[in-house]
Amino acid sequence: MKCMICKHGETKQGITTVTLEKASSTIVFKEVPAQICDNCGEKYIDDSTTKELLNKARKIVKNGVEVDIRKYAIAA
Ligand SMILES: [Zn+2]
């Protein structure tokens, strides 16, 4: 799709790193699938992936972890 930020680039399937901060926890997900603009680098993560990230983050926060870095695909 066309990038909504710079309006010039085209987005391509790729992977990115997403950092979520919840209460006192910081959770870093690596290798999250995303559409990435080839011009400005803006990342677009679709709704189902975002939902999944928030779900996983909630579980991690519940375990009382302060800093957690994991790959998206194998995150609990
Ligand atoms: Zn762009």
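In the predicted model, the zinc ion is coordinated by the SG atoms of four cysteines, Cys-3, Cys-6, Cys-37 and Cys-40, at 2.3 Å. Along the chain, these donors follow the spacing C-x2-C-x30-C-x2-C. Cys-6 and Cys-37 link distant parts of the chain, being 31 residues apart. Cys-6 belongs to the segment before β1 (11-22), whereas Cys-37 lies in strand β2 (residues 25-37). Both Cys-6 and Cys-37 are buried.

The geometry of the site was assessed from the angles that the four donor atoms subtend around the zinc ion. These angles run from 106 to 113°, and the arrangement is therefore tetrahedral, since four donors are assigned to this class if all angles lie between 85 and 135 degrees. For four tetrahedral donors, the ideal angle at a metal is 109.5 degrees.

The secondary structure of the protein chain consists of one helix and four strands, which occur along the sequence in the pattern β-β-β-α-β. The C-alpha atoms fill a box of roughly 45 × 20 × 15 Å along the principal axes. The protein chain has 76 residues, of which 30% count as buried. Its exposed surface amounts to about 5200 Å², with carbon and sulfur atoms supplying 52% of that area. Among contacts between residues at least 6 apart in sequence, 50% join residues at least 24 apart.

With regard to aromatic side chains, the structure holds zero aromatic pairs. A charge placed over a ring is nevertheless present: Lys-56 lies over the face of Tyr-72, at 5.2 Å from the ring centre.

Val-65 was examined as an individual position in the loop between α1 (47-62) and β4 (67-71). The relative accessible area of Val-65 is 25%, and this residue is therefore classed as partly exposed, given that buried means under 20% and exposed over 50%. When neighbours within four places in sequence are left aside, Val-65 is in contact with Ser-25 and Ile-60. Val-65 and Val-18 are separated by 47 residues in sequence, and their C-alpha atoms are 17 Å apart in space.

Key:
Residues numbered from 1 in each chain as written. Predicted model: local features only at pLDDT ≥ 70, side-chain atom pairs only at ≥ 80, totals over all residues. Heavy atoms only, no water. Donors = N, O, S within 2.8 Å, 3.2 Å for Na, K, Ca; no water. Tetrahedral: all angles 85-135°; square planar, octahedral: opposite > 155°, others 65-115°. Helix = DSSP H or I, 4+ residues; strand = E, 2+ residues; numbered from the N terminus. Buried < 20%, exposed > 50% of the residue type's maximum accessible area, 1.4 Å probe, protein only. Phe/Tyr/Trp six-rings, centres within 6.5 Å; stacked < 30°, edge-to-face > 60°. Lys NZ or Arg CZ within 6 Å of the ring centre and 35° of its normal. Contact = heavy atoms within 4.5 Å. Areas by Shrake-Rupley, 256 points an atom, 1.4 Å probe, with all protein chains shown as cover.
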